[in-house]
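Let's take a walk through this protein together, one pair of charged side chains at a time. Have the structure open and ready to turn as you read.

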Amino acid sequence: MKNTVPVVLLYTFLKFFTQVRSSASLLADDAKNSTLKSRIVLPEHYVKEIRPPSKQGLPIMVDFNIFVADINSINVEDMDFRVDMFVRQSWIESRLEMPDDMFEEGDDYVTLPPEFFDSLWQPDPYFLNAKVSEIAALNHKFSSVTLYRNKTVKYSARMHAIIACQMEFQLYPMDIQICPMYIESFSYHKKKLRLRWGAGAVTVNPELKLLQYDIGKPIVAEETVDYMLEKSGNFSRLVVFFRFERQIGHHLIQTFAPSTLVVMLSWFSFWLGLDAIPGRVALLVTSMLTLVTMFTGLKSDIPPVAYVKALDVWMAGCMMFVFAALGEFVVVKVLDLRHQLEYDLQMSIMSRHYSTRAIAIEKSQCIWDYDTTYIPKVRNKKAGSKHLLQNNWLDPEYPMIRVCKTRSQKIDTYSRIGFPILFMLFIVLYWPILLLKKAA
């Protein structure tokens with residue numbers, strides 16, 4: 001029992017000594033880190049909420065650069081596009097202390113972890129027309145802070161942003177979308193802070209390729225706007241215009257070429273006889289339904305708009321030509337039926353006249369001396385048949401019926417030439433006008 005008490009006291013003393021030593025070590029590390037942090041860049045009375053002082057009241061100049069790494073999608077339904085980019089902004093922080101021993105030999109800059117950026121004054125630019133904007137993060141934020149000997153702070157970060165774009169589809173599918181992206185300071189007006197494009201301004205990844213668009217060289221601009229009425233002064237703004245030109249190759253293969261072939265297919269009906277009613281009707285109605293189905297599927301690619309698009313004009317033109325071919329068949333069929341009725345009536349009159357003359361010849365018993373009376377059987381034959389020619393030879397007074405094309409047959413003959421010519425005229429007018437409007 002007596003030996004147990006000294007052992008417990010010794011164990012308690014050792015445990016207390018270990019805890020005190022560990023606490024002292026942590027305090028020493030914190031003091032070392034705090035001393036290192038303040039000794040390198042931040043002065044003793046540095047206030048990060050106050051912007052750096054400038055000479056004679058000049059604004060702080062913030063240089064802005066953007067490198068577009070990827071444009072994921074251009075959503076025509078929501079009228080926006082998603083862009084992945086590297087954003088770089090730099091400014092001069094004159095309050096920093098930059099000792100020479102913090103730079104490696106031969107370097108004029110040092111890169112610090114992104115957490116250090118929270119201890120500095122920061123400009124507050126934002127994307128005015130962005131629906132969503134955020135710094136890319138996996139297990140940490142993809143950002144960095146670089147300090148230069150001349151007290152320039154350069155902040156870089158990879159960002160995701162969904163930018164709204166007011167798109168126009170009058171020339172669809174040969175439309176060109178001009179989508180601006182506005183960058184503006186939220187709190188500081190132009191007398192306090194001015195944004196400007198740095199060297200290179202906006203650069204697009206040369207390996208970037210879009211599925212349906214060709215991206216042109218971005219156009220940059222700087223402007224000053226009066227953004228909010230309750231704030232005094234005007235605000236500095238940067239603008240970059242992205243140009244997306246739709247590729248026509250997909251629509252040539254999927255839309256224009258098939259619809260042209262369907263229209264040409266409807267012309268085959270002009271070569272079918274007027275009696276082939278099921279064949280002509282089936283061919284024309286099938287062509288019309290094919291066009292309707294084809295163009296209905298295309299409407300899902302773009303949002304419904306209140307104005308007429310270039311594709312709508314093409315759709316209407318193709319359907320009009322097929323409908324006109326169907327209407328032409330109705331017209332020629334009606335004319336053919338009317339001609340047939342007139343022909344039957346004429347043949348009936350001629351048959352009665354010939355029968356009367358034959359009976360008169362039989363009663364007078366002239367010319368022919370047969371034991372039986374010859375009464376020819378007049379059949380209702382079409383003009384130009386062999387039987388009618390034989391009757392004409394028997395009776396010189398029987399009128400000659402000429403074999404000629406009817407009005408309906410002439411219309412079919414003219415349609416074989418007229419419809420292709422009119423469709424070629426439609427194409428010749430459609431494409432040059434569309435290309436001229438696109439170039440304007």
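A good place to begin is the salt bridge between D84 and R158, whose closest N and O atoms are 4.0 Å apart. D84 belongs to strand β2 (residues 80-92) and R158 to strand β7 (residues 152-164), so this pair ties together parts that are 74 residues apart in sequence. Please keep in mind that you are looking at a predicted model. How covered are the two partners? D84 has a relative accessibility of 8% and therefore counts as buried, the cut-off being under 20%. R158, at 27% relative accessibility, counts as partly exposed.

Next, look for E184 and R237. Their side chains form a salt bridge too, and here the closest N and O atoms are 2.9 Å apart. E184 sits in strand β8 (residues 176-185) and R237 in strand β12 (residues 235-246), so the bridge ties together parts that are 53 residues apart in sequence. Are these two residues buried or exposed? E184 is buried, with a relative accessible area of 0%, and R237 is buried as well, with a relative accessible area of 10%.

The third pair to find is R194 with E222, which meet in a salt bridge of 3.7 Å, N to O. This pair also links distant parts of the chain, with R194 in strand β9 (residues 193-204) and E222 in strand β11 (residues 219-225), 28 residues apart. R194 is partly exposed, its relative accessible area being 38%. E222 likewise counts as partly exposed, at 41% relative accessibility.

Salt bridges can also join up into a network, and R243, E245 and K438 are linked in this way. How many salt bridges are there in the count? The count comes to 13.

Now turn to a charged residue in a helix. R280 is placed in helix α3 (residues 277-298). R280 has 0% relative accessibility, so this arginine counts as buried. Which residues does R280 touch, once those up to four places away in sequence are set aside? R280 is in contact with S269, F270, L272, G273, L274, E328, F329 and D412.

That helix brings us to what the record says. The UniProt entry, which is unreviewed, carries the annotation "transmembrane region" for residues 256-274, 281-298, 313-335 and 417-436. Two of these spans are worth tracing in the model. Residues 313-335 are 100% helix and 0% strand, and the C-alpha atoms at the ends of the span lie 32 Å apart. Residues 417-436 are also 100% helix and 0% strand, with end C-alpha atoms 29 Å apart. E328 and F329, which are among the residues that R280 touches, fall within the annotated span 313-335.

Finally, zoom out to the whole protein. Its secondary structure comes to 6 helices and 12 strands. Of its 440 residues, 36% are buried. The accessible surface comes to about 27700 Å², and carbon and sulfur atoms account for 61% of that area. What share of the contacts with a separation of 6 or more involves residues 24 or more positions apart? Such pairs account for 77% of them. The bridge you started with, from strand β2 to strand β7, ties together parts that are 74 residues apart in sequence.

Key: Residues are numbered from 1 along each chain as its sequence is written. This is a predicted model: local features need pLDDT of at least 70, side-chain atom pairs count only at pLDDT 80 or more; totals for chains, interfaces and linings use all residues. Side-chain values use heavy atoms; hydrogens and water are left out. Helices (H or I, at least four residues) and strands (E, at least two) are DSSP runs, numbered from the N terminus. Buried means under 20% relative accessible area, exposed over 50%, partly exposed in between (1.4 Å probe, protein chains only). Contact means heavy atoms within 4.5 Å. Accessible areas come from the Shrake-Rupley method with a 1.4 Å probe; for residues, only the protein chains shown count as cover. UniProt positions are given in the numbering used here, feature names are shortened, and annotations may be inferred rather than shown by experiment.
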